[in-house]
Amino acid sequence: MATRLLRGTLRLWGGRAAPCLPPASRCSHSGGEERLETSSAKKLTDIGTRRIFSLQHDIFRESVRKFFQEEVIPFHAEWEKAGEVSRELWEKAGKQGLLGINIADHHGGIGGDLYSSAIVWEEQAYSNCTGPGFSLHSDIVMPYITKYGSEEQIKHFIPKMVAGKCIGAIAMTEPGAGSDLQGIRTNAKKDGSDWILNGSKVFVSNGWLCDTVIVVAVTNQEAHSPAHGISLFLVENGMKGFIKGRKLDKIGIKAQDTAEFFFEDVRLPAGALLGEENKGFHYLMQELPQERLIISDTAVSASEFMFEETRDYVKQRKAFGKTVADLQTVQHKLAELKTSICVTRAFVDSCLQLHRVKRLDLATAAMAKYWASDLQNRVAYDCLQLHGGWGYMWEYPIAKAYVDARVQTIYGGTNEIMKELIAREIIHD
Ligand SMILES: Cc1cc2nc3c(=O)[nH]c(=O)nc-3n(C[C@H](O)[C@H](O)[C@H](O)COP(=O)(O)OP(=O)(O)OC[C@H]3O[C@@H](n4cnc5c(N)ncnc54)[C@H](O)[C@@H]3O)c2cc1C
């Protein structure tokens with residue numbers, strides 16, 4: 001029922017074909033110049049701010065915030081111990097219409113716009129709960145299926161992924177190849193019309209719980225460059241020879257079920273190939289800007305969250321007969337942090353705008369990812385410092401935010417690789 005209601009609401013205002021921002025003349029509160037940017041808002045996490053959003057987005061954001069407050073925050077500590085969130089959570093998110101938002105309704109998705117997807121990324125960051133791998137599932141895995149998959153694959157996977165009954169993952173990285181993806185060894189060889197998959201993958205987010213995983217494999221060893229001999233496959237849990245190894249023990253994002261996989265002569269039917277044979281690397285290059293945009297937006301949102309946590313803390317913490325916030329050095333530090341966060345927010349919002357009209361290029365997405373995730377780590381460092389010893393205690397949200405920030409400069413392509421991509425554009429004639 002909730003899903004249907006949301007789908008209805010989203011169709012009204014967020015359908016891909018229709019412009020998401022209603023003209024200011026129609027409603028003074030829906031989009032437009034009068035909305036405050038975060039720099040002028042009371043809090044960086046306030047609902048009703050930022051010109052890219054509209055009143056309808058605000059209503060949606062309120063419901064998403066409530067979802068994280070009621071269905072995620074109370075259980076997250078338990079999930080951190082378990083190293084995974086519950087399956088029930090995925091189904092609840094499906095019922096609430098939070099999965100596959102930016103997937104067209106004719107493909108079985110919710111049919112909402114990119115900004116609505118971004119609201120889910122941002123609200124998750126504001127909840128300080130990194131366990132649920134919703135953005136990876138909805139905005140990384142599902143688009144591969146709808147863009148490159150056959151009608152049969154779309155019909156088979158998308159509705160159950162939107163319902164949270166089938167969890168998606170993507171496995172590119174291998175123990176011996178991460179940044180250099182062209183160095184992967186996992187391979188699929190033809191056997192009649194089937195494929196036989198062998199190899200291993202590591203650091204797979206949603207890996208332990210996933211029901212389907214997009215596996216990147218070499219399909220032509222003789223190609224004139226490795227990039228021309230890579231294909232994507234949809235591998236399903238339970239297939240003979242598909243073995244999930246361990247849930248990996250990470251220093252942060254502890255409720256996220258990151259796993260390793262082994263493939264031992266997994267027989268895949270022809271219908272498991274995603275898109276065209278040997279086009280896999282090209283598809284990856286097409287989809288990486290969105291992955292990096294998600295990381296950028298979650299990074300700046302996490303920074304906004306940490307800033308507000310810290311502002312509250314220093315305003316009540318006493319030292320030398322006054323509050324820590326009364327100290328001028330602390331005030332200057334907060335001023336620096338707020339300025340950096342708001343400047344980054346402006347850039348990331350402009351990337352969201354560009355991506356909505358499909359104009360976000362690889363180098364610009366790389367700049368956003370590198371800049372915002374670096375900022376997140378600086379903010380985490382400074383905000384923890386402003387909490388003193390209590391900031392080092394797990395019971396304080398800033399401690400979790402600090403360790404969870406660390407991976408953001410690593411996955412989705414390390415920030416060194418981001419600089420490579422940016423530099424290539426600079427020197428390219
Ligand atoms: C928690 C977590 C979740 C992840 N989730 C997924 C997932 O779902 N799916 C998936 O496929 N992968 C995932 N990854 C993998 C992630 O994308 C890789 O770890 C990352 O791309 C780096 O690869 P690597 O670990 O092999 O490091 P390496 O490539 O070995 O890099 C080591 C160091 O060398 C530097 N370096 C390498 N090449 C260059 C260069 N050309 N110039 C300058 N410096 C360079 C790197 O920046 C890094 O500092 C995840 C990783 C983590 C930690």
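Over residues 169–266 the chain is 0% helix and 48% strand, and the C-alpha atoms at the two ends are 18 Å apart. Helices (H or I, at least four residues) and strands (E, at least two) are DSSP runs, numbered from the N terminus. This is a predicted model: local features need pLDDT of at least 70, side-chain atom pairs count only at pLDDT 80 or more, and totals for chains, interfaces and linings use all residues. Residues are numbered from 1 along each chain as its sequence is written, and side-chain values use heavy atoms, with hydrogens and water left out.

**Exercise 1. Set two annotated stretches side by side.**

Task: Find what UniProt lists for residues 169–266 and for residues 278–426, then read off the helix and strand content.

Step 1. For residues 169–266, the UniProt record (an unreviewed entry) lists "domain: Acyl-CoA oxidase/dehydrogenase middle". UniProt positions are given in the numbering used here, feature names are shortened, and annotations may be inferred rather than shown by experiment.

Step 2. For residues 278–426, the unreviewed UniProt entry lists "domain: Acyl-CoA dehydrogenase/oxidase C-terminal".

Step 3. Residues 169–266 are 0% helix and 48% strand. Residues 278–426 are 75% helix and 3% strand, with 29 Å between the end C-alpha atoms.

**Exercise 2. Classify two ring pairs.**

Task: Decide how the rings of Phe-242 and Phe-263 are arranged, then do the same for Trp-390 and Tyr-396.

Step 1. Start with the rule: rings of Phe, Tyr and Trp (its six-membered ring) pair if their centres lie within 6.5 Å; planes under 30 degrees apart count as stacked, over 60 as edge-to-face and the rest as tilted. By this rule the count comes to 14 aromatic pairs.

Step 2. The ring centres of Phe-242 and Phe-263 are 5.3 Å apart and the planes are at 20°, so this pair is stacked. The two rings link distant parts of the chain: Phe-242 is in strand β6 (residues 242–247) and Phe-263 in strand β7 (residues 259–268), 21 residues apart.

Step 3. Now check accessibility, where buried means under 20% relative accessible area, exposed over 50%, and partly exposed in between (1.4 Å probe, protein chains only). Phe-242 counts as buried because its relative accessibility is 9%, and Phe-263 is buried at 2%.

Step 4. For Trp-390 and Tyr-396, the centres are 5.9 Å apart and the planes are at 40°, so the pair is tilted. Trp-390 is partly exposed at 37%, and Tyr-396 is partly exposed at 25%.

Step 5. Ring pairs can also join up: Phe-67, Phe-68, Trp-90 and Phe-134 are linked into a cluster.

**Exercise 3. Trace the salt bridges.**

Task: Which parts of the chain does the pair Arg-65 and Glu-123 tie together?

Step 1. A salt bridge is a side-chain nitrogen of Lys or Arg within 4 Å of a carboxyl oxygen of Asp or Glu. The structure holds 30 salt bridges.

Step 2. Arg-65 and Glu-123 form a salt bridge, their closest N and O atoms being 2.7 Å apart. Arg-65 lies in helix α2 (residues 55–82) and Glu-123 in helix α4 (residues 114–127), so the pair ties together parts that are 58 residues apart in sequence. Glu-123 is buried, with a relative accessible area of 2%.

Step 3. Next, look inside one helix: Lys-66 and Glu-70 form a salt bridge with closest N and O atoms 3.6 Å apart. Both lie in helix α2, four residues apart, about one turn of the helix. Lys-66 is partly exposed at 47%, and Glu-70 is partly exposed at 43%.

Step 4. Return to the strands: Glu-260 forms a salt bridge with Arg-246, with closest N and O atoms 3.0 Å apart. Glu-260 lies in strand β7 and Arg-246 in strand β6, so the pair ties together parts that are 14 residues apart in sequence. Glu-260 is buried, with a relative accessible area of 13%.

Step 5. Salt bridges that share partners join a set of residues into one network, including Arg-50, Arg-61, Arg-65, Glu-122 and Glu-123.

**Exercise 4. Place two residues.**

Task: Is Tyr-392 buried or exposed, and is Gln-290 buried or exposed?

Step 1. Tyr-392 lies in the loop between α9 (362–386) and α10 (397–405). Tyr-392 is exposed, with a relative accessible area of 69%.

Step 2. Gln-290 is found in helix α7 (residues 280–316). Gln-290 is buried, with a relative accessible area of 10%.
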